[in-house]
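Good morning, colleagues. I would ask you to keep the structure in view while I speak, as I shall move from the confidence of the model to its helices, its core and its charged residues.

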Amino acid sequence: MKTKEIQDLKLKPDAELERLIKDDGEKLRQLKFDLAAGKVKDVKQIHEVKKAIARMKTFLKEREMATGKA
């Protein structure tokens, strides 16, 4: 993920981030099944999706902490 993409993620609203986390979670699940079936050519893609999910969750948590909800 490039710096520009990360900055764009920071600007997205919470609902959009939650939707992206859900979508990427489904993508990660599918990649894991495909890996077990031997269909995945680029194994690094799994790592990248995991990192993207972690980044989005971090942004959500930072906002939550900033607003005092936690």
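The protein chain has an average pLDDT of 94, and 97% of its residues score at least 70. I should state at once that this is a predicted model. Among the elements of the chain, the lowest mean pLDDT, 92, belongs to α1, and the highest, 97, belongs to α2.

Let me turn to α2. This helix has 24 residues, and the distance from its first C-alpha to its last is 35 Å, close to the 34 Å expected at 1.5 Å a residue. Its buried residues are Leu17, Leu20, Ile21, Asp24, Leu28, Leu31 and Asp34. These buried residues pack against α1 and α3. After α2 comes Gly38, which has a positive phi near 80 degrees.

Next is α3. How does the span of α3 agree with its number of residues? With 24 residues at 1.5 Å a residue, α3 should span 34 Å, and its end C-alpha atoms lie 35 Å apart, which agrees. The buried residues here are Ile46, Val49, Ala52, Ile53, Met56, Phe59 and Leu60, and they pack against α1 and α2. Just after α3, Gly68 adopts a positive phi of about 80 degrees.

I now come to the core. Which residues touch the most other members of the largest nonpolar core? They are Leu9, Leu17 and Met56, in a core of 15 residues. The elements that contribute two or more residues to this core are α1, covering 3-11, then α2, and α3, covering 44-67. The largest share, 7 residues, is supplied by α3. Met56 deserves a closer look: leaving aside neighbours within four places in sequence, Met56 is in contact with Leu9, Leu17, Leu20, Ile21 and Asp24.

That list ends with a charged residue, and Asp24 is the next topic. Asp24 is found in helix α2, which covers residues 14-37. Not counting residues up to four places away in sequence, Asp24 touches Val49, Ala52, Ile53 and Met56. Which side chain of opposite charge is nearest to Asp24? It is Lys27, at 5.4 Å; Asp24 is buried yet has no salt bridge. For this audience the cut-off is relevant: a salt bridge here requires a side-chain nitrogen of Lys or Arg within 4 Å of a carboxyl oxygen of Asp or Glu.

By contrast, other charged residues do form such pairs. How many salt bridges does the structure hold? The count is 6.

I begin with the pair in α1. Asp8 forms a salt bridge with Lys4, and their closest N and O atoms are 3.7 Å apart. Both residues lie in helix α1, 4 residues apart, which is about one turn of the helix. Asp8 counts as partly exposed because its relative accessibility is 33%, while Lys4, with a relative accessible area of 61%, is exposed.

The second pair is that of Asp14 and Arg63, whose closest N and O atoms are 2.7 Å apart in a salt bridge. This pair links distant parts of the chain, with Asp14 in helix α2 and Arg63 in helix α3, 49 residues apart. Asp14 has a relative accessible area of 33% and is therefore partly exposed. Arg63 also counts as partly exposed, at 22% relative accessibility.

Within α2 there is a further pair. Arg29 forms a salt bridge with Glu26, the closest N and O atoms being 2.8 Å apart. The two residues both lie in helix α2, 3 residues apart, about one turn of the helix. Arg29 is partly exposed, with a relative accessible area of 40%, and Glu26 is partly exposed, with a relative accessible area of 40%. In addition, Glu16, Arg19 and Asp23 are linked in a network of salt bridges.

One last residue: is Ala15 buried or exposed? Ala15, whose place is in helix α2, counts as exposed because its relative accessibility is 57%. The C-alpha atoms of Ala15 and Leu60 are separated by 9.7 Å, although the two residues are 45 residues apart along the chain.

To close, I return to Asp24, which is buried yet has no salt bridge, and to Asp14 and Arg63, which link distant parts of the chain. Thank you for your attention.

Note on methods:
Residues numbered from 1 in each chain as written. Heavy atoms only, no water. Buried < 20%, exposed > 50% of the residue type's maximum accessible area, 1.4 Å probe, protein only. Lys, Arg positive; Asp, Glu negative; His and termini not counted. Contact = heavy atoms within 4.5 Å. Core = buried A, V, L, I, M, F, W, Y, C linked by side-chain atoms within 4.5 Å. pLDDT = per-residue confidence, 0-100. Expected span 1.5 Å × (residues − 1).
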